[in-house]
Amino acid sequence: MEEKKANQIGSKQGIIAVSLGLAITQVIMVVLSIQNGILKALFWFDDFDDIISIIIVVPIVYLCGYYFGQRAGKSILKRHKNYTWVGFKFGFYTLFIAVVTSSLIDFIQYGVEKVGERGQEPFMQYVLIPMFFQTLIGTIPALLIGLWFGARIKKKRKF
């Protein structure tokens, strides 16, 4: 298979996988917010102080899906790499980039001004702890979506 076609297939599947991941993220946030009532839970982002993170992270995640999709397409379709491993790897990379970006945005918005204050650990509070919990919650969905993503690319291989 030619490289251009492998890139095309991979980037398309990457965008689909990111869309699925964002839908799953919405479900997780609704479940975590349900104690506030169903309407507030469905629109959890409306009360979310960090809407700027969402506005920045969503396009970045789609860029990751596009870019990593191309890389996965080449790896699976041209180099015949294991689709499971490739899907897991790029699914986790996308999650990691989203988590780091979101945490750093929060740190810049709220934590920088607290650096050096007595009793404050803003890097821990705004970067490390959120990264830990977001990664913990997001790893299984990211790996499952990555597996699905890799399988969808492999399915496009012409034998």
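1. A quick word on burial before anything else: a residue is called buried under 20% relative accessible area, exposed over 50%, and partly exposed in between, using a 1.4 Å probe and protein chains only. By that yardstick I34 is partly exposed, with a relative accessible area of 42%. I34 sits in the loop between helix 1 and helix 2 (38–42). Its C-alpha is 18 Å from that of G138, and the two residues are 104 apart in sequence.

2. Keep in mind that this is a predicted model, where local features need pLDDT of at least 70, side-chain atom pairs count only at pLDDT 80 or more, and totals for chains, interfaces and linings use all residues. Numbering runs from 1 along each chain as its sequence is written, and side-chain values use heavy atoms, with hydrogens and water left out.

3. Now the overall picture. The chain has five helices and zero strands, so to read it along the sequence you get α-α-α-α-α (helices, H or I, are DSSP runs of at least four residues and strands, E, of at least two, numbered from the N terminus). Its C-alpha atoms fill a box of roughly 60 × 40 × 20 Å, taken along the principal axes. Of the 159 residues, 36% count as buried.

4. Helix 3 covers residues 51–78, which makes 28 residues. From first C-alpha to last it reaches 40 Å, close to the 40 Å expected at 1.5 Å a residue. That expected span is 1.5 Å times one less than the number of residues.

5. Have a look at H80, just after helix 3. This residue is in the loop between helix 3 and helix 4 (83–111), and its phi is near 55°, a positive value in a residue other than glycine. Most residues other than glycine have a negative phi. H80 is exposed, at 52% relative accessible area.

6. How many salt bridges does a search of the whole structure find? Just one, taking a salt bridge as a side-chain nitrogen of Lys or Arg within 4 Å of a carboxyl oxygen of Asp or Glu. The partners are K74 and E3, at 3.6 Å, N to O. K74 lies in helix 3 and E3 in helix 1 (residues 3–33), so the pair ties together parts that are 71 residues apart in sequence. E3 is partly exposed, with a relative accessible area of 40%.

7. There are two surface patches to check. Patches take residues with over 30% relative accessible area and no salt bridge, joining like charges within 9 Å and nonpolar side chains (Val, Leu, Ile, Met, Phe, Trp, Tyr) within 5 Å. Areas come from the Shrake-Rupley method with a 1.4 Å probe, and for residues only the protein chains shown count as cover.

8. The positive patch gathers K5, K12, K155, K156 and K158. Lys and Arg count as positive and Asp and Glu as negative, while His and the chain ends are not counted; each charge is placed at NZ of Lys, CZ of Arg, CG of Asp or CD of Glu. K156 is in the segment after helix 5 (122–155) and is partly exposed, at 36%.

9. The nonpolar patch has about 940 Å² of accessible area together, and its members include L32, L104, F123 and F133. Helix 5 gives the most, with eight residues. L32 comes from helix 1 and counts as partly exposed at 47% relative accessibility.

10. Last, A142. This helix 5 residue is buried, with a relative accessible area of 11%. A142 and F90 are 52 residues apart in sequence and 8.9 Å apart in space, C-alpha to C-alpha.
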